Amino acid sequence: MARYLSSSSSSPAPAPTASLIDLTSSPPPTTTSASTGQRDSGKTSYIWAHGKKIVCEGKDRWECRHCKRSYAICGSATTNQRDHLNVEHGIPDPKEPVDTKQSTLDNYRRPLIRLDVLRKLIVEWIVERRHSFNETESEALHKIFEYLDPRSTNALMSKKTTRSDINKYFEAAKATIKERLSLARSRIHISYDLWTSPNYKAMIAIVAHWTAEDYNVKSALLAIREVHGEHSGENIADVVYPVMKEYDFHSRFGYFVGDNASNNNTSIEWLDQLMRDDGYEGFEPLKRRLRCFAHEMQIATKGLLFGPNVKELEEYPATAGVTEEEKREYAKKKWRAFGAVGKLHNVVKYIRGSPQRREGYSMVRDELQKEAGKKLKVPVMDNDTRWGSVMDMVEYALENRVHLDMYCHGIKELEEDRLTEQDWVDLDAVQCIMHYYKFNLMMARLPCF
């Protein structure tokens, strides 16, 4: 599959010389152009596509448009010009037959370009940066590649070919993972979770975990698929099971790790049923269902801070005719009822609620930065899924107490959420509790979420 070019284009670029054009200086006064075209009248050699005729000290010369080096024109001879283009710029005469077995000095001056490798690197760049497939058709990109090495432009394919390359390399990577799974020394364990994509599609990510041949634990993302219909256990299993069969480990399934959502329980039961329907042995769902420790910690910590009804904090009872403003006030009252952490939550949420509020907060921060002589952080907000976010918010508040107090002073909307002296004492106690949890997680060598 590798494509190689002729040996005449395999030498490295020489060191810069004084003959290269200097964009910061004026051109030599002794050289004047006799023609503005790249091809002289009656000339058919390819050198005229890469240079033009000039007059220097009363004599005709050929000037390279890539580096401005010039050579004397001697009748119809173009040897010097062709050698220059081939050796200096890697542009051989397209009409000249190529002997791929010939070993010349050029082989040791410019390395060969493996276009298959270069095309793969281009694909990785497009996928990693989420570029459009037609980026490879960009004229500006072609100019960059041509400047670095004219031979490399052959790797810039059309958007259709780029799309084809992406699919090809994906299938190659998929085959590699499938082979690794087949050589695993353990059963193949899985974890999966659902979320809503920015374009409002229900997506599920499926990850495999196993012990490799070298006894190291490995993980790999197998698929990201759309879940149609309700997020029921049956619909989840209808997506997960085909992926297990696709990677050929459905008969070697180990354990599933997930959060406490009830549909995860039923999805394992449906996986067992689907395997049995296909004639496989199946498994005991309750024994193969493991709980995610990070989510357990989330539930325990939020329960400690806010009680068992924490999920109701951002919910408003279904009542007709209620405005969004009334819902927001209702949520603020419920958070405020939880004391210092709830009041801090309301303050941070208010600051982050609009660009104008953020700007006002930044003005106070900039003023304090001058006094403190150091850069202050932006407000940190807690969230519903990571217990560590509460710790981060509290730590930020304790480090920037003066800043927050100064901002809240005089803002009517935050009058009931201003933190008192006792609130700051309570926040300090919360920080100690959170650090205790974090310390125990580190001792257990488990990730902190």
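**Salt bridges in a predicted model**

The side chains of D165 and R119 meet in a salt bridge, with 2.9 Å from N to O (a salt bridge is a side-chain nitrogen of Lys or Arg within 4 Å of a carboxyl oxygen of Asp or Glu). This is a predicted model, in which local features need pLDDT of at least 70, side-chain atom pairs count only at pLDDT 80 or more, and totals for chains, interfaces and linings use all residues. Residues are numbered from 1 along each chain as its sequence is written, and side-chain values use heavy atoms, with hydrogens and water left out.

**Exercise 1.** Find which parts of the chain the salt bridge between D165 and R119 ties together.

*Solution.* Begin with the elements: D165 lies in helix α4 (residues 159-182) and R119 in helix α2 (residues 115-129), so the pair ties together parts that are 46 residues apart in sequence. Helices (H or I, at least four residues) and strands (E, at least two) are DSSP runs, numbered from the N terminus. Next, turn to accessibility: both D165 and R119 are buried, where buried means under 20% relative accessible area, exposed over 50%, and partly exposed in between (1.4 Å probe, protein chains only).

**Exercise 2.** Describe the salt bridge between E246 and R225, and state where each residue lies.

*Solution.* First, the closest N and O atoms of E246 and R225 are 3.2 Å apart. Second, E246 belongs to helix α5 (residues 233-246) and R225 to strand β7, so that this pair links distant parts of the chain, 21 residues apart. Third, E246 counts as partly exposed at 26% relative accessibility, and R225 counts as partly exposed at 30%.
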